[in-house]
Amino acid sequence: MGGGCWRNPLLLLAALVLAAKLGHFQRWGGFREKSTSQKNMNSTLKFFIETYNNASNDTYLFGVDKLLRSQMQLTTGVEYMVTVKISRTKCKRNSIKSHSCPIQSKKNLKKSFICDFLIYTVPWMNYYQLWNNSCLEA
């Protein structure tokens, strides 16, 4: 039982080493524009906004207001270079219903940022890593 749990990771490691030896870890053609309406961006955007909210000290949660630009590049996984407008929502940080928070409408509480970020993901393994992130007030 103890040795069996290591079988799959060792096979994965062996496959990665073999792929590296065969030269499959090169970048394939650089970043390419991606449609901003593609549904597979949802998990990437969700990961980004959760990461942003976890690092933020704001009393309110932020949500993706608009996807402005999306590019992807195939590597050992998929790299997404994305520009989004995020805005403060009506949900406070400890809110239970953080999945359906409307954008803040009160003038004194409105706040938005334009964020550029680079995320590396291996979607078939549900793995995401934020490599770069910068946000400027909109």
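## Salt bridges

In this predicted model, the side chains of R88 and D58 meet in a salt bridge, with a nitrogen-to-oxygen distance of 2.6 Å. This pair links distant parts of the chain: R88 belongs to strand β3, whereas D58 sits in the loop between α2 and β2, 30 residues away in sequence. Both partners, R88 and D58, are buried. The pair is one of four salt bridges that the structure holds. As a general point, side chains of opposite charge can pair when their charged atoms come close.

A second salt bridge joins R69 to E33, and its closest N and O atoms are 2.8 Å apart. R69 lies in strand β2 and E33 in strand β1, so the pair ties together parts that are 36 residues apart in sequence. R69 counts as partly exposed because its relative accessibility is 41%, a value between the limits of 20% and 50%. E33, at 52% relative accessibility, is over the 50% limit and therefore counts as exposed.

D65 and K85 form a further salt bridge, in which the closest N and O atoms are 3.9 Å apart. Here too the pair links distant parts of the chain, with D65 in strand β2 and K85 in strand β3, 20 residues apart. D65 is partly exposed, with a relative accessible area of 35%. K85 also counts as partly exposed, at 30% relative accessibility.

## Fold and sheet

The protein contains two helices and five strands. Along the sequence, these elements follow the pattern α-β-α-β-β-β-β.

The five strands form an open sheet in the order β1-β2-β3-β4-β5, and their pairing is antiparallel. Its edge strands are β1 (32-33) and β5 (127-137), each of which pairs on one side only. Within the sheet, β2 and β3 run antiparallel and are joined by twelve bridges. In this part of the sheet, M72 stands opposite Y80 of β3. Helix α2 lies across β2, β3, β4 and β5, and runs at about 65 degrees to β5.

## Nonpolar core

Which residues have the most contacts inside the largest nonpolar core? They are L45, F48, V82, V84, I86 and F117, in a core of 17 residues. The elements that give two or more residues to this core are α2 (41-55), β2 (60-74), β3 (78-92) and β4 (112-122).

I86 offers a view of the surroundings of one core residue. Leaving aside neighbours within four places in sequence, I86 is in contact with F48, I49, Y52, F62, G63, V64, D65, K111, S112, F113 and C115. One of these contacts, D65, is the residue that forms a salt bridge with K85. Another, F48, is itself among the core residues with the most contacts.

## Burial and long-range contacts

Of the 138 residues of the protein, 33% count as buried. The exposed area of the protein is about 9,400 Å², of which carbon and sulfur atoms supply 55%.

How many of the contacts between residues at least 6 apart in sequence join residues at least 24 apart? The share in the protein is 63%. The salt bridges described above include pairs on either side of that separation: R69 and E33 lie in parts 36 residues apart, while D65 and K85 are 20 residues apart.

How values were computed. Residues numbered from 1 in each chain as written. Predicted model: local features only at pLDDT ≥ 70, side-chain atom pairs only at ≥ 80, totals over all residues. Heavy atoms only, no water. Core = buried A, V, L, I, M, F, W, Y, C linked by side-chain atoms within 4.5 Å. Buried < 20%, exposed > 50% of the residue type's maximum accessible area, 1.4 Å probe, protein only. Helix = DSSP H or I, 4+ residues; strand = E, 2+ residues; numbered from the N terminus. Contact = heavy atoms within 4.5 Å. Pairing = 2+ DSSP bridges. Axes fitted to C-alpha atoms, helices over the stretch in contact; angles between N-to-C directions. Areas by Shrake-Rupley, 256 points an atom, 1.4 Å probe, with all protein chains shown as cover.
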